[in-house]
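Hi everyone, thanks for making the time. Let me put today's model on the screen, and then I'll walk you through a couple of places in it.

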Amino acid sequence: MATPQEKAEALVSVLEKYGQGDYIGESISQLEHSLQAAHQAQRSGSRDELVLAALLHDIGQIIPLEETKEVRMNLSQESTENVGRIGHEIIGAQYLRSIGFSEIVCRLVNSHVAAKRYLTAVNKSYYDSLSTASQKSLAFQGGPFQGHELTAFEQDPLRDEMVSLRLWDDAAKVVGVEDSTPRARAYLDTMVAHLGRL
Ligand SMILES: [Fe+2]
């Protein structure tokens, strides 16, 4: 079984190696997008779990499909009632859970689409502020929350952190700030400490 150090090193390598692809519909790479999200979380003084969730929120899109094969097979066996549409946020959360991240980190990662559905439901100007790509994907993601889904999100103890993560996600699309954005390796120690917490 891999040690926390080995797991964290492997994740940093995955981000660096596979994060070079374009962030869908935007003009920066997935790696830069993830690093900008994490940097905002760190600058806000958030707890480590939220910083890690920001760094890894799109890991379900970045890791090669074969790495998530087992996760996806397990998902397809679960009731669709609980899972709904299988998206990258669910794959990411399940993958992180499988390698030892806390339930809080996994729930935060799993929430970044839900938070968008929440914000578009409660804040009209939020929808207008979204990029065209993000507006387009909202429809596929179920549209703004209504009824019991909206109530459930509002009452979630992690709601404020989920909303923060979502807003950092939206803002993490700045071109040309590589030099002032810490690299993935800067979060290695935080990741090792988290994975070794038990
Ligand atoms: Fe994202």
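**The metal site and an aromatic cluster**

Let's begin with the sequence: the residues that donate to the iron ion follow the spacing H-x23-H-D-x110-D. Within that set, His 57 and Asp 169 bring together distant parts of the chain, 112 residues apart. His 57 lies in the loop between helix 3 (48-56) and helix 4 (59-62), while Asp 169 belongs to helix 13 (residues 159-171). Please keep in mind that this is a predicted model.

So which atoms hold the iron ion? They are NE2 of His 33, NE2 of His 57, and OD atoms from Asp 58 and Asp 169, at 2.2 to 2.3 Å. As for geometry, the angles among the four donor atoms run from 76 to 164 degrees, and the site is irregular. Tetrahedral would need all angles between 85 and 135 degrees, so this site does not count as tetrahedral.

Are His 57 and Asp 169 buried or exposed? The cut-off for buried is under 20% relative accessible area. His 57 comes out at 0%, so it is buried, and Asp 169 is buried too, at 2%.

Now for the rings. There are two aromatic pairs in the structure. One of them is Phe 145 with Phe 153, whose centres are 6.0 Å apart, with 45 degrees between the planes, making the pair tilted. Phe 145 has a relative accessible area of 9%, so it counts as buried, and Phe 153 is buried as well, at 6%. Add Tyr 118, and Phe 145 and Phe 153 become part of one aromatic cluster.

That's my tour, and I'm happy to go back to any of it.

Definitions and conventions
Residues are numbered from 1 along each chain as its sequence is written. This is a predicted model: local features need pLDDT of at least 70, side-chain atom pairs count only at pLDDT 80 or more; totals for chains, interfaces and linings use all residues. Side-chain values use heavy atoms; hydrogens and water are left out. Donors are N, O and S atoms within 2.8 Å of the metal (3.2 Å for Na, K and Ca); water is not among the atoms, so sites may look incomplete. Four donors count as tetrahedral if all angles lie between 85 and 135 degrees; four count as square planar and six as octahedral if opposite donors are over 155 degrees apart and all others between 65 and 115; anything else is irregular. Helices (H or I, at least four residues) and strands (E, at least two) are DSSP runs, numbered from the N terminus. Buried means under 20% relative accessible area, exposed over 50%, partly exposed in between (1.4 Å probe, protein chains only). Rings of Phe, Tyr and Trp (its six-membered ring) pair if their centres lie within 6.5 Å; planes under 30 degrees apart count as stacked, over 60 as edge-to-face and the rest as tilted.
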